Amino acid sequence: MASLLSTTLNITARVAPGPVGRVAFALFVRPLGRPKVKPGEAGVMARAVTGRLVVDGIPVTTYRWGDGERPVLIVHGWTSRASRFAGFVEALLAEGRTVVSFDAPGHGTSGGRATTILRQREIIRRLQSQYGEFSAVLAHSFGVVSTFFALRDGIRADRIVGIGAIADFDFLTARFRAMLGVNQAVEDALRRHVQRRLFPAEPDVWPRFDACRHPEEVPSEILLVHDADDDTAAPSQSRAIAAAYGERARLIETSGLGHRRILLDPEVIGAAVEFLSATPSQTRSAGPAETAGATR
């Protein structure tokens, strides 16, 4: 079926780009499955205070641990859920921090079947309105590019931890093409549909989805962690962010953890929580090409 679909899209894209763009968009914004809470995550999730937002008519489940000011926001990745950060939540709570998170539309216990970067931004805006400015954001994969997009639109955070980062829209469309086996004409149709449906008043919106663009607009301190064996997000994505932000960014490269198991690694959790809990004077500046350690 997948082969038939890709062949049909490839053939049709040049003669009927409008319908192909709609189909490609529907596939592009829909996660592949809805993973469940793992047994090791259940205890942490049971301790959360759950809430609900409605975005574009879709019910969105939110989570809060603790009741302090300036919480740490967690933004999960694609085809994932907030529970995957259970180890980080436990470690942050042990440091006396408050944590908030959410399951994106089409993910976890939230409703809907699809999400977009605009829905991500709106959820983050609502959480900031509810809980006040964030002290930091901890994000994974697609959550990283969503975070940078939100930070350029009124969201505030002193620090960012990006794990297995995806930095730009071009990477997402290239991966979509590879996974579905479609050609450039299908991608072009997808982009035209996004432009018309989501950003009709902006003739060239794509640079806004680039985390490396105009680093001065995001004055946060940044820690990036990326595994050399990540088969979902290329390590070059995090390296590009580190290069763009210079002394404000530190990059840790691991090996043997991949794209998802990296969220379970005790050393990664420890490094992230230490960075998020440090005072500005304790932050170690690093050059754009610096790579540091926890390896497997």
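Here is a walk through this structure, from how far to trust it down to its core.

What you're looking at is a predicted model, where local features need pLDDT of at least 70, side-chain atom pairs count only at pLDDT 80 or more, and totals for chains, interfaces and linings use all residues. Residues are numbered from 1 along each chain as its sequence is written, and side-chain values use heavy atoms, with hydrogens and water left out.

Let's start with confidence. pLDDT is the predictor's own confidence in each residue, from 0 to 100. The chain averages 91, and 93% of the residues score at least 70. One stretch to treat with care is residues 284-296, where pLDDT stays under 50. The model has 35 contacts beyond four places in sequence for that stretch; a contact means heavy atoms within 4.5 Å.

Now pick out leucine 32. You'll find it in the loop between helix H2 (17-28) and helix H3 (39-46). Helices (H or I, at least four residues) and strands (E, at least two) are DSSP runs, numbered from the N terminus. Is leucine 32 buried or exposed? Its relative accessibility is 62%, so it counts as exposed; the cut-offs are under 20% relative accessible area for buried, over 50% for exposed, and partly exposed in between, using a 1.4 Å probe and protein chains only. Leaving aside neighbours within four places in sequence, leucine 32 is in contact with Thr79 and Met179. Its C-alpha atom is 9.9 Å from that of alanine 114, which is 82 residues away along the chain.

Next come the charged side chains. A salt bridge here is a side-chain nitrogen of Lys or Arg within 4 Å of a carboxyl oxygen of Asp or Glu, and the count by this rule is 12. Take arginine 70 and aspartate 158, whose closest N and O atoms are 2.8 Å apart. Arginine 70 lies in the loop between strand E2 (58-65) and strand E3 (72-75), while aspartate 158 is in the loop between helix H6 (142-151) and strand E6 (159-163), so this pair ties together parts that are 88 residues apart in sequence. Arginine 70 is partly exposed at 33% relative accessible area, and aspartate 158 is partly exposed too, at 41%.

Another salt bridge joins arginine 208 and aspartate 153, at 3.1 Å from N to O. Arginine 208 sits in the loop between helix H8 (184-198) and strand E7 (221-227) and aspartate 153 in the loop between H6 and E6, so parts 55 residues apart in sequence are tied together. With 24% relative accessible area, aspartate 153 is partly exposed.

What about aspartate 170 and arginine 191? Their salt bridge has its closest N and O atoms 2.5 Å apart. It links helix H7 (residues 169-180), home of aspartate 170, with helix H8, home of arginine 191, the two residues being 21 apart. Aspartate 170 is partly exposed at 45% relative accessible area, whereas arginine 191 is buried at 15%. Salt bridges that share partners join Asp170, Arg177, Glu187 and Arg191 into one network.

Arginine 191 has another partner: its charged end sits over the ring of tryptophan 206, 4.9 Å from the ring centre. For this, NZ of Lys or CZ of Arg must be within 6 Å of the ring centre and within 35 degrees of the ring normal. Arginine 159 likewise lies over the face of phenylalanine 275, at 4.9 Å from the ring centre.

That brings us to the rings themselves. Rings of Phe, Tyr and Trp (its six-membered ring) pair if their centres lie within 6.5 Å; planes under 30 degrees apart are stacked, over 60 edge-to-face, and the rest tilted. The structure holds 11 such pairs. Phenylalanine 28 and phenylalanine 176 meet edge-to-face, 5.3 Å centre to centre with 90° between the planes. They link distant parts of the chain, helix H2 and helix H7, 148 residues apart. Phenylalanine 28 is buried at 16% relative accessible area, and phenylalanine 176 is buried at 13%. Both belong to one aromatic cluster, together with Phe149, Phe169, Phe199, Trp206 and Phe209.

Finally, look inside. A nonpolar core is a set of buried Ala, Val, Leu, Ile, Met, Phe, Trp, Tyr and Cys residues joined through side-chain atoms within 4.5 Å. The largest one has 33 residues, and those with the most contacts inside it are Leu73, Phe102, Ile124, Phe134, Phe148 and Ile241. H6 gives the largest share of this core, four residues. Not counting residues up to four places away in sequence, isoleucine 241 touches Val144, Phe148, Ala165, Ala167, Ala211, Cys212 and Leu224.
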